[in-house]
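Subject: The structure I promised you

Hi,

Here is the structure for you to open alongside this message. Have a look around first, and then read on for what turned up.

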Amino acid sequence: MKLDMIGIITKDMAKAIQFYETLGFAISSEASDDYVELKHEGIRLSLNSVNMLSSIYGYEPKIVGDKIELAFLCDTVKDVDALYDKMTTAGYVGFKAPWDAFWGQRYAIIKDIDGHLLSLFANIGA
């Protein structure tokens with residue numbers, strides 16, 4: 001068994017696609033109002049509409065942004081700062097500005113359009 005794809009629930013497919021494209025993902029399947037797959041360097045994400053999942057689950061899923069966090073390794077400390085700046089300049093929410101964490105990494109946290117937390121990090125010295 002291996003983890004193949006991460007599914008993310010969204011209330012606004014178009015805005016979610018725009019967010020993840022700004023982050024660096026590219027659409028790898030035909031986009032619909034309810035589902036799209038994105039890919040970046042071997043990582044596959046699926047964006048799933050609340051409406052689609054409601055019909056599958058039998059209830060509307062709750063979207064809470066701090067249940068799980070995606071963490072993206074950047075090549076260098078400067079890349080963490082640059083990507084955080086790129087996303088916040090594009091109007092997305094910065095949850096925690098870049099800082100040097102006690103565990104030896106440059107770290108920053110942003111929110112996607114549905115409030116999901118995404119960490120950006122690099123090893124200090126990289």
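Before we get to the hairpin, a word on terms: two strands count as paired if DSSP finds at least two bridges between them. Please also keep in mind that this is a predicted model.

**The hairpin**

Strands E3 and E4 form a hairpin with 2 residues between the strands, and in it Glu 41 takes a positive phi near 45°. E3 covers residues 35-40 and E4 covers 43-49, with Glu 41 in the loop between them. Most residues other than glycine have a negative phi. Glu 41 is not a glycine, yet its phi is positive, at about 45°. Is Glu 41 buried or exposed? It counts as exposed, because its relative accessibility is 73% and the cut-off for exposed is over 50%.

The two strands of the hairpin run antiparallel and are joined by 6 bridges. If you want a pair to look for, Glu 37 stands opposite Ser 46 in E4. E3 also pairs with strand E2 (residues 26-27), again in the antiparallel sense, over 2 bridges. There, Ala 26 stands opposite Lys 39 in E3.

**The four-stranded sheet**

Further along the chain, which strands make up the open sheet, and in what order? There are 4 of them, in the order E5-E8-E7-E6, with mixed pairing. E5 (69-73) and E6 (94-100) are the edge strands, each pairing on one side only. From one strand to the next, the twist averages 15°.

E5 and strand E8 (residues 117-123) run parallel, joined by 5 bridges. Within that pair, Leu 73 stands opposite Phe 121 in E8. Two helices pack on this sheet:

- Helix H1 (residues 13-23) touches E5, strand E7 (105-111) and E8, and its direction makes about 5° with that of E8.
- Helix H3 (residues 77-89) touches E6, E7 and E8, and its direction makes about 15° with that of E7.

E5 deserves a second look, as its faces are not alike: Leu 70 and Phe 72 lie on a covered face, while Glu 69, Ala 71 and Leu 73 lie on an uncovered one. Leu 70, from the covered face, has Leu 118 as its bridge partner in E8.

**Ala 101**

Between E6 and E7 there is a loop that holds Ala 101. Why does Ala 101 count as buried? Its relative accessibility is 6%, and buried means under 20%. Not counting residues up to four places away in sequence, Ala 101 touches Tyr 107 and Ile 124. As for Thr 10, Ala 101 is 91 residues from it in sequence and 30 Å from it in space, C-alpha to C-alpha.

**A nonpolar patch**

One last place to visit is on the surface, where Ile 56, Tyr 57 and Tyr 59 form a nonpolar patch with about 360 Å² of accessible area together. Tyr 57 belongs to helix H2 (residues 50-57). With a relative accessible area of 41%, Tyr 57 is partly exposed, because that class lies between the 20% limit for buried and the 50% limit for exposed.

Happy browsing, and all the best!

Notes: Residues are numbered from 1 along each chain as its sequence is written. This is a predicted model: local features need pLDDT of at least 70, side-chain atom pairs count only at pLDDT 80 or more; totals for chains, interfaces and linings use all residues. Side-chain values use heavy atoms; hydrogens and water are left out. Patches are made of residues with over 30% relative accessible area and no salt bridge: like charges are joined within 9 Å, nonpolar side chains (Val, Leu, Ile, Met, Phe, Trp, Tyr) within 5 Å. Accessible areas come from the Shrake-Rupley method with a 1.4 Å probe; for residues, only the protein chains shown count as cover. A salt bridge is a side-chain nitrogen of Lys or Arg within 4 Å of a carboxyl oxygen of Asp or Glu. Buried means under 20% relative accessible area, exposed over 50%, partly exposed in between (1.4 Å probe, protein chains only). Axes are lines fitted to C-alpha atoms, for helices over the stretch in contact, and angles run from 0 to 180 degrees between N-to-C directions. Contact means heavy atoms within 4.5 Å.
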